[in-house]
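Welcome! Let us walk through this structure together, one part at a time.

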Amino acid sequence: MSNFVIHREHGISKAQAFEITEDWIVSAEKDYKMHCDVVRSDEQIRVNFSRAGVTGTLTVDDKVFDMQAKLGFLSSVAVKPPTSGGGYKATPQSCLHTDGI
């Protein structure tokens, strides 16, 4: 198993970060067949996500995206950003993208 950890300041408003997170939840469930348990408060959104081969947590607040995931063997595809339709989709992963990773 591999651990995947990203902690990144986003530099956008909390409302924008929450909107991106809500879009990510829809995409994770629809495109990747993930099960998402979501806890929303005024301060943060916490998403516990899972499917065969991957489990993790995404926490978003007014300053950071924090993603921690455990990937099973051959499961790295489960968390790659969707690229269907030819467009670049704003997801927590795209906001967290680091060159070379």
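What you see here is a predicted model. A good place to begin is the sheet, which is open, has 5 strands in the order β1-β5-β4-β3-β2, and is paired in the antiparallel sense. Strands β1 (2-9) and β2 (35-40) stand at its edges, and each has a single partner strand, so one side of each is left without a neighbour in the sheet. As you go from one strand to the next, the twist averages 10°.

Now follow the pairings. Strand β4 (residues 54-60) runs antiparallel to strand β5 (residues 64-71), and 7 bridges pair them. To find your way along this pair, look for G56, which stands opposite A69 in β5, and for V60, whose bridge partner in β5 is F65. The two strands form a hairpin, with 3 residues between them. Strand β5 also pairs with β1: these two run antiparallel and are joined by 8 bridges. Here I6 stands opposite M67 in β5. Is β5 mostly covered or mostly open? Of its 8 residues, 6 are buried, so this strand is mostly covered.

Next comes the helix. Helix α1 (residues 14-31) packs on the sheet, where it touches β2, β3 (45-51), β4 and β5. The direction of α1 makes about 15° with that of β3.

Let us turn to the side chains. A pair of aromatic rings is described by the distance of the centres and the angle of the planes. The structure holds 1 aromatic pair. W24 and F49 make up this pair, which is edge-to-face, with 5.3 Å from centre to centre and 70° between the planes. Because W24 lies in helix α1 and F49 in strand β3, the pair ties together parts that are 25 residues apart in sequence. Are these two residues buried or exposed? W24 has a relative accessible area of 4%, so it is buried. F49 counts as buried too, because its relative accessibility is 2%.

W24 and F49 lead us on to the largest nonpolar core, which has 21 residues; W24, M34, C36, V47, F49 and L58 are those with the most contacts inside it. The elements that give two or more residues to this core are β1, α1, β3, β4 and β5. Which of them gives the largest share? That is α1, with 6 residues. For a view from one member of the core, take V47: leaving aside its neighbours within four places in sequence, its contacts include T21, W24, I25, C36, V38 and L58. G56, which we met opposite A69, is also in contact with V47.

Finally, look at the charged side chains. Side chains of opposite charge can pair when their charged atoms come close. The structure holds 2 salt bridges. In one of them, the side chains of R40 and E22 meet at 2.7 Å, N to O. R40 lies in strand β2 and E22 in helix α1, so this pair ties together parts that are 18 residues apart in sequence. E22 counts as partly exposed, because its relative accessibility is 26%. K63 forms a salt bridge with D62, and their closest N and O atoms are 3.8 Å apart. At 52% relative accessibility K63 counts as exposed, whereas D62, at 40%, counts as partly exposed.

Technical notes: Residues numbered from 1 in each chain as written. Predicted model: local features only at pLDDT ≥ 70, side-chain atom pairs only at ≥ 80, totals over all residues. Heavy atoms only, no water. Pairing = 2+ DSSP bridges. Helix = DSSP H or I, 4+ residues; strand = E, 2+ residues; numbered from the N terminus. Axes fitted to C-alpha atoms, helices over the stretch in contact; angles between N-to-C directions. Contact = heavy atoms within 4.5 Å. Phe/Tyr/Trp six-rings, centres within 6.5 Å; stacked < 30°, edge-to-face > 60°. Buried < 20%, exposed > 50% of the residue type's maximum accessible area, 1.4 Å probe, protein only. Salt bridge = Lys/Arg side-chain N within 4 Å of Asp/Glu carboxyl O. Core = buried A, V, L, I, M, F, W, Y, C linked by side-chain atoms within 4.5 Å.
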